[in-house]
Structure formats: C-alpha cells, structure tokens
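Dear colleague,

I am passing on the structure we spoke about, and you will find it directly below. My notes on it come after, so please read them with the coordinates open.

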Amino acid sequence: MHKTKILLAGLSLLALTSAASAVDVRISGWGGAEVALVNGLITDVLAEDLKATDINVVYEPVDGDFSQFITNALSAGTAPDLFYTDIFWSRAAFGTGKVEPTTADTSPFAPNLIDAFTYDGKVMALPKDFNTLALQYNKDIFDDAGVAYPTDDETWATLQDKLVAIHAKLPDVNGLCVVPDYARFAAFALGSGWEPFNAEGKTVLDDNFKRAFAWYTGLVPAGAAVAAADVGEGWTGGCFTKELTAVAVEGAWIIGGIRDGAPNLNWGTARIPKDPESGQAGNLIFTVGWTVNADSAVKDAAQKVAELLTSEKAQQWVLEQGLALPSRSALVDNPWLQGDTPEQTVNRVVFAGLSDGNVEPFFFGDLGGAWMEPINTALNSVLTGEADVDTALAAAQAKFDGMAAQKQ
C-alpha cells in the first residue's frame, strides 16, 4: 500500500498553525493511472477548496484486489473515511451496514448513475465517473477494403455484412474479436429487449436473449469475426490495437490501449448497433463512486471531500485530461466533447450510451459476479464448438434455476 499525506495548508507559519487544527480525512482508491488522477485533483485542482475547509487529505491508493481490501477493512474497523466503490461489487459493500448514505445534492448527476448507487432507497455513493460500450473502427482497414465506415444507425445485420465484406477482401483481417464475456455480449442481449431478472430475481433466457446469443456466437462461422482466444488475445481492444480486426467493442478506456499500443492508429467510434427486430440498442453502465465509511469519526468532512472530488470543477479537469467521463449531466454539452479528435469522439459516443436504448448497470443483485458465469460458460461452449446454441442455453438456464432455488 502506498501512503501519501498531502498537507494543503501552505508553508507559512500561520498556515502550518492552521493545519495543526485541521481535520484529516483518509481516502482510498486503486493504484495504476488513478494515482496520478487523484493526486492531481488534491494537490492542484482542489487545493484551495480543501484548504478553505480546514481538511487535510491523506491519500492511500491500494494495489491489488481493492474490493477484498475494503471488505476486510470495513470488517476490521480500519477502513478509510472515504473510498472507491465499483458498481460491480457495490451491493456487497452496501450490505455490510458500514456505508453512510451521501448527504450531497444528487440532482446534478446523471439519474441512472444515481439509481445504480441507490440501495434500500438511499444513495450510498457519489458517482465520480462512468463508461459505457461503443463500437471502435479502424478507418484504414475499412478504406483498404472499400467498405463504408460504421455509423450510429447500424443494425446487427448491416454491421455483420460490413465485417464479412472486409474479411472477404482482406483475408488476414477479421471483423471483430468475440469474447465469451457478458461484459461485452450484454450490449446486444439488452438491445433485443431482454431483461436480466424477472420479478423473482431469476434470469430469463427468453426468445430475445436466444436471438442475440445466436447472432453473437454466429459471427465466427459467418466470417464476420474470430474468437479472441484463437488469435492469442483476451479482449476486443487487444485485437484492435494489433490491427487483427476492423472493429472493437470497448469503452473509452480503449484510449489508453491505443495510446500505448498503436499511437498512430487511424480510428473512429460509432454507437452500439441496434437489434433489427426491436430497433433498439443496448448498453452497460460501468461506474465507480466515492463512499463514506459509516464508522468514520470524521464523516462530515468525508462527505465534503466526496462533494469536492465530484464537483463540476473537478470533473471538468478530469474530462479535459481525457481520463474519464463526468457523472454530472450538465457536462454532456461541454465544448471539449464536441471536438472531432478520436479521443473526443469516443468520449462523446460513450456519454451518449448512458441513455441510448436499454441500458443496465453492471451489477447483478445479491448474486454478484457469479450471476454471469452461466452465460459466459454458454458463450464459450458455443464459440469453441463444444455445444450448439440450444444445448448451451439449456445448461445455462439449469444453473440459473439452481441459483434461484438456493436463494429461496
């Protein structure tokens, strides 16, 4: 664990005297690129605001499994005053009773982000940023194949036709790398009109789901895609940056992958294609919020820090660094998002994905990540040729029935 104590009181004797009576607020998030982001907010963007509140921020980024760290720390009574909560495992944290509801005005934030962090009728985290999925495409590959670029009006069928045409013209290039992962496939399943849970909380693998499942897994035999594992990759972005495929299905995080692996790539972004039958697109919301420790001795100060870290001023700075999408609704019209660079375009399209069609947060009720396993297994069994669609879905439904029975 890193530990950086940032005193924001200045160097004068008067300022140091003031800092001695200030409140320390411990905050934690994960390591990696987030360290530079949070340090920049604390030491630069929000320095004067924090100084004015007599709050010293003690920033403790954590490498490794952050969800396990928070779970253990909350149980042991050693958790920081303010910490990241990923929507994926948020219910496990909220269910401990160790999380304090936010006292902030949540009206400026995107409503479905606030809904995602609402638990037992209370907002338990302030969303700091988010991502959705979009379709990235390699302009040079489309140009070389003589195929028109994807547009925001694509359907599954029209996109498939374009990907088949590219592979036919450029045999060494595949259309898309498909992965046996709900975190990517869900964009299409949700577009079909399928809903993950019925009134009893049980997954329903209905005709809409089957149609999306059959289309997605059928892209490989149709000549529109390749299984990512067959080309030594684990995500669609890896195939894309190595120019093994014409398109990828990723969020704005792909900017980092392109910057590091293919800085000269000529690329663009379009929205997720629509189901030709429902006429709708689907999408997932990936989001992280700032959460206050209910056992903190400085809860009021922690609430204030959470508000500052998610303020319009803070989010404007983060947006302009190209690091994350702001959670405040007003920033959707920010001038930076209206530019035409690849980075600005992908961020604008990802922002639009927040309310484009049938959109669901990336969490799974009380079942947690285990909920995805039957679908991921079914996808993998068809993609590897171990089972046909009907057999794979029957096995998945049996697993979901077992999960439901255990919950009763």
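What follows is a short account of the interior, the cavities, an aromatic contact and one helix.

Please keep in mind throughout that this is a predicted model, and that the values below are computed from it.

I will begin with the nonpolar interior. The largest nonpolar core holds 109 residues, and among these Ile27, Tyr182 and Phe213 touch the most other members. Helix H9, which spans residues 182-191, gives this core its largest share, namely 8 residues. Tyrosine 182 has contacts with Trp194, Pro196, Leu284, Phe362, Phe364, Trp371, Met372, Ile375, Asn376 and Leu379, once residues up to four places away in sequence are set aside. There is also a second, separate core of 23 residues, and Phe240, Ile285, Leu319 and Val346 are included in it. As general background, nonpolar side chains in soluble globular proteins tend to be buried together.

Two of the residues that tyrosine 182 touches, Ile375 and Asn376, are listed among the buried residues of helix H16. This helix covers residues 373-383 and is mostly covered, with 8 of its 11 residues buried. The buried residues are Pro374, Ile375, Asn376, Ala378, Leu379, Ser381, Val382 and Leu383. Just after H16, glycine 385 adopts a positive phi of about 80°.

The next region is around strand S2, which runs over residues 23-28 and contains serine 28. Is serine 28 buried or exposed? Serine 28 counts as buried because its relative accessible area is 0%, and the cut-off for buried is under 20%. Leaving out residues up to four places away in sequence, serine 28 touches Glu60, Val62, Phe66, Phe69, Pro80, Leu82, Phe83, Tyr84 and Trp290.

Tyrosine 84, one of those contacts of serine 28, also takes part in an aromatic pair. The model has 31 aromatic pairs, and one of them joins tryptophan 30 to tyrosine 84 in an edge-to-face arrangement, with 4.8 Å centre to centre and 75° between the planes. Because tryptophan 30 lies in the loop between S2 and H2 while tyrosine 84 lies in strand S4 (residues 82-86), the pair ties together parts that are 54 residues apart in sequence. The two partners can also be described by their exposure: tryptophan 30 is partly exposed, with a relative accessible area of 22%, whereas tyrosine 84 is buried, at 1% relative accessibility.

Finally, there are the enclosed spaces, where the count comes to 3 cavities of 30 Å³ or more. The largest cavity has a volume of about 100 Å³, and of the 14 residues that line it, Leu37, Leu41, Lys128, Leu309 and Val318 are the closest to its centre. At least two residues of this lining come from each of helix H2 (33-45), strand S8 (126-131), helix H14 (312-320) and strand S15 (325-326). Sorted by class, the lining of the largest cavity comprises 11 nonpolar, 1 polar and 2 charged residues.

The second largest cavity contains about 40 Å³ of space, and its lining is made up of Leu135, Leu159, Leu163, Leu176, Phe188, Trp215, Leu219, Val247 and Val249. Helix H8 (156-169) and strand S12 (247-250) are the elements that give two or more residues to this lining. By class, the lining of the second largest cavity has 9 nonpolar residues, with no polar and no charged ones.

With best regards

Conventions
Residues numbered from 1 in each chain as written. Predicted model: local features only at pLDDT ≥ 70, side-chain atom pairs only at ≥ 80, totals over all residues. Heavy atoms only, no water. Helix = DSSP H or I, 4+ residues; strand = E, 2+ residues; numbered from the N terminus. Buried < 20%, exposed > 50% of the residue type's maximum accessible area, 1.4 Å probe, protein only. Contact = heavy atoms within 4.5 Å. 1 Å grid on protein atoms, 1.4 Å probe; cavity = no way out; pocket = protein on both sides within 12 Å on 5 of 7 lines; lining within 4 Å. Points joined across faces, edges and corners; volume = space filled by probe spheres on them. Nonpolar A, V, L, I, M, F, W, Y, C, P; charged D, E, K, R; others polar. Core = buried A, V, L, I, M, F, W, Y, C linked by side-chain atoms within 4.5 Å. Phe/Tyr/Trp six-rings, centres within 6.5 Å; stacked < 30°, edge-to-face > 60°.
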